[in-house]
Amino acid sequence: MIKISVIFNKRFWLTFIKCFALAFVALMILIQIPELSYDFSRKQPIQISKPEELNSDIISHTTFVSITGTPNFDRAFVYQRYGLNYTYFTVEPYGICLIARTYDKVTDEWKDMHRFLGKLRPFDKQPFSYRIRDIYKEKFQEDIPENAFFLGLRDVPKPSGWQIGAVIFASLMWLVMFYMFFFFGRNRNQVAVNNKL
């Protein structure tokens, strides 16, 4: 009885690890799909010139946009991650409802900018949005509203061979793993049984 229980537990955890590995690779693929969809989207940006045009009824997914406004660096900060410096700031007249990010160094010339080109998406769909929310709360005592948007400056739709290759490789790896985990041993055992017969 104890031996059967040990075998069951071993089989259960082995199956659990296999399913976890498959789910992890599938998640990596799913994360890339919206990015690929954006990269293959229209190359002509949607024009946004006033706060009324910035709402989830019009923009419900990642979209290439050109936004008219002026930068506000009163609530700007630099966020470091993976060795890169990202500058976050707001754009008027959209206020805290539009959080923009740039990789470039911000200079005095930025104050003369009136048009911002890049990738727009609902703020909560942006990776690490929870951390940016916390920073705004800590530094400026402001809560980013649920209907806010994130703007990645100069992120224009452009397919990347590396990204496409990564998705294809991950998809093939998932198929190979699925076959190896659930069919390869079974086929070999079935051949062994047939040979005995």
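**Salt bridges, sheet and surface**

Reader: Which residues are linked with Glu35 in a network of salt bridges?
Author: This is a predicted model, in which local features need pLDDT of at least 70 and side-chain atom pairs count only at pLDDT 80 or more, while totals for chains, interfaces and linings use all residues. Residues are numbered from 1 along each chain as its sequence is written, and side-chain values use heavy atoms, leaving out hydrogens and water. A salt bridge here is a side-chain nitrogen of Lys or Arg within 4 Å of a carboxyl oxygen of Asp or Glu. On that basis, the residues linked with Glu35 in the network are Lys119, Arg121 and Asp155.

Reader: Happy with that! How many salt bridges does the structure hold?
Author: Side chains of opposite charge can pair when their charged atoms come close. Counted through the structure, the salt bridges number 9.

Reader: Arg133 forms a salt bridge with Asp124; is Arg133 buried or exposed?
Author: The closest N and O atoms of Arg133 and Asp124 are 2.7 Å apart. Buried means under 20% relative accessible area, exposed over 50% and partly exposed in between, with a 1.4 Å probe and protein chains only. Asp124 has 39%, so Asp124 is partly exposed. Arg133 has 19%, so Arg133 counts as buried.

Reader: And which residue forms a salt bridge with Glu138?
Author: Glu138 is exposed, at 52% relative accessible area. Its partner is partly exposed at 29%. With closest N and O atoms 3.8 Å apart, that partner is Arg131.

Reader: What is the N to O distance where Asp143 and Lys137 meet?
Author: Asp143 counts as exposed at 55%, and Lys137 is partly exposed at 42%. Their side chains meet in a salt bridge, with an N to O distance of 3.4 Å.

Reader: On to the fold: in what order do the 7 strands form the open sheet?
Author: Helices (H or I, at least four residues) and strands (E, at least two) are DSSP runs numbered from the N terminus, and two strands pair if DSSP finds at least two bridges between them. The pairing in this sheet is mixed, and the order is E1-E2-E6-E7-E5-E4-E3.

Reader: Which are the edge strands?
Author: An edge strand in this sheet pairs on one side only. That description fits strand E1 (46-48) and strand E3 (70-81).

Reader: Which residue in E7 is the bridge partner of Gly118?
Author: Strand E6 (residues 115-122) and strand E7 (residues 149-153) run antiparallel and are joined by 5 bridges. For Gly118, the bridge partner in E7 is Leu153.

Reader: Thr90 lies in strand E4; what is its relative accessibility?
Author: Contact means heavy atoms within 4.5 Å. Not counting residues up to four places away in sequence, Thr90 touches a list of residues including Thr70, Arg75, Leu98 and Tyr136. Thr90 counts as buried, with a relative accessibility of 0%.

Reader: Finally, what is the area of the nonpolar surface patch that includes Ile31?
Author: Ile31 is found in helix H1 (residues 2-39) and is partly exposed, with 45% relative accessible area. Patches are made of residues with over 30% relative accessible area and no salt bridge, like charges being joined within 9 Å and nonpolar side chains (Val, Leu, Ile, Met, Phe, Trp, Tyr) within 5 Å. Accessible areas come from the Shrake-Rupley method with a 1.4 Å probe, and for residues only the protein chains shown count as cover. Ile31 shares this patch with residues including Phe12, Trp13 and Met28, and its area is about 950 Å².
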